Number of protein chains: 2
Amino acid sequence: MATIRDVAKLAGVSVATVSRVINQSGYVNKQTEDKIMKSMRELQYTPNTLARGLANKKTDSIALIIPNITNPFFPELVQAVEDAANRYGYTLLLGNSYNNEENALQYIHIFKNRFVDGVLIFASHQFDSKDLSEIDKIEIPTFVIDKALDNNQIFSAKNRNFMGATMAVEHLQTIGCRHIAHIRGPEKLFPARERFRGYQDALEKTGDFNPSYVENGDFSMESGVEATLRLLDKHPEIDGIFAANDLMAVGSLKALQRQGKKVPDQVALIGYDGIQLLQMFEPEISTIAIPIYDIGNAAVSILIDLINGKENRFGINSNIMDEFEVKLIQRATTTK
Amino acid sequence: MATIRDVAKLAGVSVATVSRVINQSGYVNKQTEDKIMKSMRELQYTPNTLARGLANKKTDSIALIIPNITNPFFPELVQAVEDAANRYGYTLLLGNSYNNEENALQYIHIFKNRFVDGVLIFASHQFDSKDLSEIDKIEIPTFVIDKALDNNQIFSAKNRNFMGATMAVEHLQTIGCRHIAHIRGPEKLFPARERFRGYQDALEKTGDFNPSYVENGDFSMESGVEATLRLLDKHPEIDGIFAANDLMAVGSLKALQRQGKKVPDQVALIGYDGIQLLQMFEPEISTIAIPIYDIGNAAVSILIDLINGKENRFGINSNIMDEFEVKLIQRATTTK
DNA sequence: CTGAAAGCGCTTACAG
DNA sequence: CTGAAAGCGCTTACAG
């Protein structure tokens, strides 16, 4: 592989000058620049990323830490983040934490060791204050997606969970559901709590809230099956189910079909997230879609601003993701 | 961050000696080693990966190029590869080619530029000889998964596609299917061709092969829907469908349900690959499972052998993956 | 506008 | 068994 020295020699200049044109820094005569460009092309020169990183403390790479790539929500996020990163000239490193805070922190260390310029964390984790202060110590720009945090050093974003949940319930009411159940997400996760609040609020407005219509799940497909079976057993009158995420909605459909319930005629169903998977089912499943692609994009762009020191683009601790609207996607499971 | 120089100073030795204990290379007195270890701990020293890579031409990272993380087959592969890589002390970089050879090659260049030690390619691509010679030029150990290639420099692996397909058909026959259709994968892909061959061979044995029972798909869910609708339309007598991959089987189930066909009573269904997704459906879908996790594991281990120069562990061009057996997983769609 | 030189943090012959 | 020194391929003040 050609080095900067080879290019310099061929162009008859010093390596410093070549470096200047590579980085577009400092002045360089147009003609010598042309000469250098030509030499680079001739030698098929590409700068050595490692050497650059060593000298620079910058590697043009960012990392994304997610709970589990096997959860169908995340590939879509990964894709969005990867696309955005590439567009900005960054390479993406990926880490799966398996829903474990320790693993997440360990990955942060690994990535720091690889000198990524910044890290994105999708926090379905519950970082405690000790974890957070550890993340702080990393001293790498870090951006946490979809989680409200109090820590000033770690920016965060979330979507309109409360509002989306309200929309889901009202939609079920609109199509005629009278007994609307909820499969709730894990208590410790902020989005799950918000979605539950939205559900509760909407039903209290019409005087229809019934705590016994709420079953707990853990955002997994299996827990959606279980919760639905319990609901059906306790309350055969239920005619609408709002699952706090799409995966549990999938499980819910499975349980409904297994019990011979007609969907949506006997029981209507809606999820939350908007993953593409929902269209694989018959009937196709309705959902409240969050703009996963846009969120991934925005997260990268914000992270890069952090990297470049424009820390206050959105103001510390502002709820950045509030600018993203959730959207009702009506499909067969709520179309009577 | 502490550097090797800090450690050396604290331990009262030279950086060369510290380097020796880090790399466990050359002789070093047990006592000075202890001193150095202690200093490293005290300073929380971790070697700078970039500097190491520069000096070494080795970064302890490998790359994986896949067609599309959004296809549910791949997260499982990624997970297997990531786990294995970590276990060997390697970090994984990921690239999505979007089924495009150019993108794949571009990623290879990016990764080369990042000095990964090796790259794994899952080739649902059809690399032509020009592409292959380009890959050759990269001069990085490369291992192509699930594809037969003639090129000596690029090792390849595949699973027992022919046999698996035969098993699928025989299974359908065993449960009483008389009119077995096939949704075929893309002609240009080796596994798709092999699976078709297996289907054909099994049916010819009993004199039941009928070319008109074969519809083409492209391994996508949607193509499974379309192919099934065409089959149902042309041949209402069909009572069994073998889809060349799981995603098309999912589409097939969707079409069957939409048309009000009872599965498996009227039409039985089996896929190929063994992705976990299949268990999300009601009824759960049968499949011929390839050991994705084991394959990912083996691919990493082979790649690392290549990196370490043990090129002939399996012999050039041997069909490495032949050691992995496929397995019939009978679920509700083939249980009468 | 351009070049010489030091430095980024390691590794690796080469001496001793 | 250990150290001094050169080298990996860049960038960046500092001079000029």
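**Notebook: DNA strand D and strand β10 of chain A**

Started at A:N56, where a polar side-chain atom sits 3.4 Å from a phosphate oxygen of DNA strand D. Note to self: this is a predicted model.

Looked at A:R52 next. A polar atom of the A:R52 side chain comes to 3.0 Å from a phosphate oxygen of strand D.

Then I went after base contacts and checked B:R20. An N or O atom of the B:R20 side chain is 2.4 Å from a base oxygen of DNA strand D. B:R20 is also listed among the closest residues to the strand, along with A:I4, A:S19, B:T17 and B:T32.

Zoomed out to everything around strand D. I get 26 residues surrounding it, split into 12 nonpolar, 10 polar and four charged. Helices α2 (15-23) and α4 (49-56) each give at least two residues to this surface, in chain A and in chain B. On the DNA side, 67% of the strand D atoms within 4 Å of the protein are sugar or phosphate, and the rest are base atoms.

Moved on to β10 (residues 286-289) of chain A. Which of its residues are buried? A:S286 and A:I288 are buried on one side, A:T287 and A:A289 on the other, so I noted both faces as covered. Side chains in a regular strand alternate between the two sheet faces.

Checked the neighbours of β10(A) last. β9 (residues 268-273) of chain A pairs with β10(A) in parallel over four bridges, with A:I270 opposite A:S286. β11 (residues 327-329) of chain A runs antiparallel to β10(A), joined by three bridges, and there A:T287 faces A:I329.

Conventions. Residues are numbered from 1 along each chain as its sequence is written. Chains are lettered from A and ligands numbered from 1 in the order in which they are written. This is a predicted model: local features need pLDDT of at least 70, side-chain atom pairs count only at pLDDT 80 or more; totals for chains, interfaces and linings use all residues. Side-chain values use heavy atoms; hydrogens and water are left out. A residue is near a molecule or strand if one of its heavy atoms lies within 4 Å of it. A polar contact is a pair of N or O atoms within 3.5 Å; within protein, one must be able to donate a hydrogen and the other to accept it, and residues adjacent in sequence count only if both atoms are side-chain atoms. Ala, Val, Leu, Ile, Met, Phe, Trp, Tyr, Cys and Pro count as nonpolar, Asp, Glu, Lys and Arg as charged, and the others, Gly among them, as polar. Buried means under 20% relative accessible area, exposed over 50%, partly exposed in between (1.4 Å probe, protein chains only). Two strands pair if DSSP finds at least two bridges between them.
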